[in-house]
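Q: Could you take a close look at one part of this structure for me, the nonpolar patch on the surface, and then set it against the interior?

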Amino acid sequence: PEIPLDVAVKEKRRYQLTGNVAIIPIHGPMMKAESKFGGVGTQGVRKMIREAKTDYEVRTILLHIDSPGGHVSGTQELADEVYSVRQVPGKHILAHIEDLGASAAYWVASQAERITANMTAEIGSIGTVAVLTDNSARLERLGVRVHVIATGKYKGVGTEGVSISGEDLSYIRTRVESLNEHFQTSILRGRKLSLVQLAQMSDGRVHIATQAKAMGFIDAIMSFEEAVEEAQNLSIRDIKMPSPVRQ
């Protein structure tokens, strides 16, 4: 027999539904694919958001974030997925940061309509980083030499045991700056900040919630339970609003 649509939707839900609010967790280090070692896969979060967008019972999506950030890979796509909900009539997307919302996690949160956080949350760390270790001198003292056979000038830059030149560092910096432009462009889109505000926020620091609110990182300070209640009230308000009269 054919399974009714509402039953099929309920059976496949991977998020918690509280009233008309879909709560989607982003807990732990972020990476593109899920790992058996923990963290959160951005591809999986994107799937949950897409499912919630088409779930007839969901009026508001609440991202529950407690994450230090993570890989660049997959973050832009997840940020775009979050922002896309803002274009769907009758749907809302909010973000609540509980304890930590840094770097890539803030990148994603910034695309929600509204960001809240608990009082002791640490928020920010806007910036992009790449870390290279040049241990070639130590290996050379041990009598170890590493040879990289590559077809391109910059192929193999950063290989362990190979010295890193100033030119190599300049190349890596160009990549880091280029990726960071995407991060900042998303924040400008989501938070509607001025370039001056963004520059003040983009020094890599994290801020406790009160300071983060004053600087424009978040909109309000509250507990997770209060954030859920706020999301529910938003859903109820929309349900009660009369349909526009058309002539």
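A: Happy to! Let's start with L142, which sits in the loop between α5 (136–141) and α6 (166–191); helices here are DSSP runs of H or I with at least four residues, numbered from the N terminus. This is a predicted model, where local features need pLDDT of at least 70, side-chain atom pairs count only at pLDDT 80 or more, and totals for chains, interfaces and linings use all residues. Residues are numbered from 1 along each chain as its sequence is written, and side-chain values use heavy atoms, with hydrogens and water left out.

L142 has a relative accessible area of 59%, so it is exposed (exposed means over 50%, buried under 20%, partly exposed in between, with a 1.4 Å probe and protein chains only). Together with V144, V146 and V148, L142 makes up a nonpolar surface patch with about 310 Å² of accessible area. Such a patch joins nonpolar side chains (Val, Leu, Ile, Met, Phe, Trp, Tyr) within 5 Å, from residues with over 30% relative accessible area and no salt bridge, that is, no side-chain nitrogen of Lys or Arg within 4 Å of a carboxyl oxygen of Asp or Glu. Areas follow the Shrake-Rupley method with a 1.4 Å probe, and for residues only the protein chains shown count as cover.

Now for the interior. Buried residues account for 40% of the 247 in the chain. In α2, the buried residues include V45, M48 and I49. The largest nonpolar core (buried Ala, Val, Leu, Ile, Met, Phe, Trp, Tyr and Cys joined through side-chain atoms within 4.5 Å) has 43 residues, with I49 and Y106 among those with the most contacts inside it.

Definitions and conventions. Patch = residues over 30% accessible without salt bridge, like charges linked within 9 Å, V, L, I, M, F, W, Y side chains within 5 Å. Helix = DSSP H or I, 4+ residues; strand = E, 2+ residues; numbered from the N terminus.
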